[in-house]
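Subject: Structure handover

Hello,

Please find the structure below, with the sequence alongside. My notes on what was found follow after it.

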Amino acid sequence: MWATHDVRLHRKAEKHFNHPVAGDLTLRYERLAVDGDPGLEIFAYMAEPGSRSEEAFNFLASCPAELLRGPA
C-alpha cells in the first residue's frame, strides 16, 4: 500500500505547529542521516531569528515540564 503513495524526501523544509501553550510556530528543519546507522535520522528544528516563532520556541525551552503537560 505504501508503494502507491507519491512520497518525496525533504532534507530541508518548513513546518507549522499550533502549540497549546506557545501558540503558532513556523520552524525550519533539516533532516540529517546518521552514516553509522542506516535508517536513523536526526531532525533539527530552527526558528527564524527575531521572529515570533523564535520567541515562542525560546519560551518553550525555558518552561518547566509541568506547565507544558497541561491539566491531567
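In these notes, a residue is called buried when its relative accessible area is under 20%, exposed when that area is over 50%, and partly exposed in between. Please keep in mind that this is a predicted model.

With that cut-off, Ser 53, Ala 56 and Leu 60 are the buried residues to look at in α1. Viewed down the axis of α1, its buried residues fall within an arc of 65°, so they line one face of the helix. Glu 55, Ala 61 and Ser 62 lie on the other side of α1, where they are exposed.

Overall layout

The chain holds 2 helices and 3 strands. Following the sequence, these elements come in the pattern β-β-β-α-α. The chain has 72 residues, and 15% of them count as buried. Its accessible surface is about 6,000 Å², with 57% of that belonging to carbon and sulfur atoms. Among contacts in the chain with a separation of 6 or more, 24% join residues that are 24 or more positions apart.

The nonpolar core

Two residues of the buried face of α1, Ala 56 and Leu 60, turn up again in the largest nonpolar core. That core has 6 residues, and the others are Ala 22, Leu 25, Leu 27 and Ala 47. At least two of the core residues come from β2 (23-33), and at least two come from α1 (52-62). As general background, nonpolar side chains in soluble globular proteins tend to be buried together.

Ala 47 is a useful place to see what surrounds one core residue. Setting aside neighbours within four places in sequence, Ala 47 is in contact with Thr 26, Leu 27 and Arg 28, and also with Ser 53, Glu 54 and Phe 57.

The loop before α1

Ser 51 sits in the loop that runs between β3 and α1. Is Ser 51 buried or exposed? Its relative accessible area is 18%, so Ser 51 counts as buried. The side chain of Ser 51 has a polar atom 2.6 Å from the backbone oxygen of Glu 48. On the α1 side of the description, the backbone nitrogen of Glu 54 lies 3.1 Å from a polar atom of the Ser 51 side chain.

Aromatic residues

How many aromatic pairs does a search of the whole structure find? The search gives 3. In one of them, the ring centres of Phe 17 and Tyr 45 are 5.8 Å apart and the ring planes are at 70°, so this pair is edge-to-face. Phe 17 belongs to strand β1 (residues 12-19) and Tyr 45 to strand β3 (residues 41-47), so the pair ties together parts that are 28 residues apart in sequence. Phe 17 is partly exposed, at 32% relative accessibility. Tyr 45 is also partly exposed, at 30%.

Another pair is made by Tyr 29 and Phe 43, whose ring centres are 5.7 Å apart with planes at 50°, so the pair is tilted. This pair links distant parts of the chain, with Tyr 29 in strand β2 and Phe 43 in strand β3, 14 residues apart. Tyr 29 is buried, at a relative accessible area of 12%, whereas Phe 43 is partly exposed at 41%. Phe 17, Tyr 29, Phe 43 and Tyr 45 together form one aromatic cluster.

Phe 43 and Arg 31

Which residues does Phe 43 touch, not counting those up to four places away in sequence? They are Tyr 29, Glu 30 and Arg 31. The C-alpha atom of Phe 43 is separated by 6.2 Å from that of Leu 32, a residue 11 places away along the chain.

Arg 31, one of the residues touched by Phe 43, is placed in strand β2. At 8% relative accessibility, Arg 31 counts as buried. Its side chain makes a polar contact with the side chain of Glu 41, at 2.4 Å.

Where to start

For a first look, I suggest α1 and its buried residues Ser 53, Ala 56 and Leu 60, followed by the aromatic cluster of Phe 17, Tyr 29, Phe 43 and Tyr 45.

Regards

Methods:
Residues are numbered from 1 along each chain as its sequence is written. This is a predicted model: local features need pLDDT of at least 70, side-chain atom pairs count only at pLDDT 80 or more; totals for chains, interfaces and linings use all residues. Side-chain values use heavy atoms; hydrogens and water are left out. A nonpolar core is a set of buried Ala, Val, Leu, Ile, Met, Phe, Trp, Tyr and Cys residues joined through side-chain atoms within 4.5 Å. Buried means under 20% relative accessible area, exposed over 50%, partly exposed in between (1.4 Å probe, protein chains only). Helices (H or I, at least four residues) and strands (E, at least two) are DSSP runs, numbered from the N terminus. Contact means heavy atoms within 4.5 Å. Accessible areas come from the Shrake-Rupley method with a 1.4 Å probe; for residues, only the protein chains shown count as cover. Rings of Phe, Tyr and Trp (its six-membered ring) pair if their centres lie within 6.5 Å; planes under 30 degrees apart count as stacked, over 60 as edge-to-face and the rest as tilted. A polar contact is a pair of N or O atoms within 3.5 Å; within protein, one must be able to donate a hydrogen and the other to accept it, and residues adjacent in sequence count only if both atoms are side-chain atoms. The arc is that of the directions from the helix axis to the C-beta atoms.
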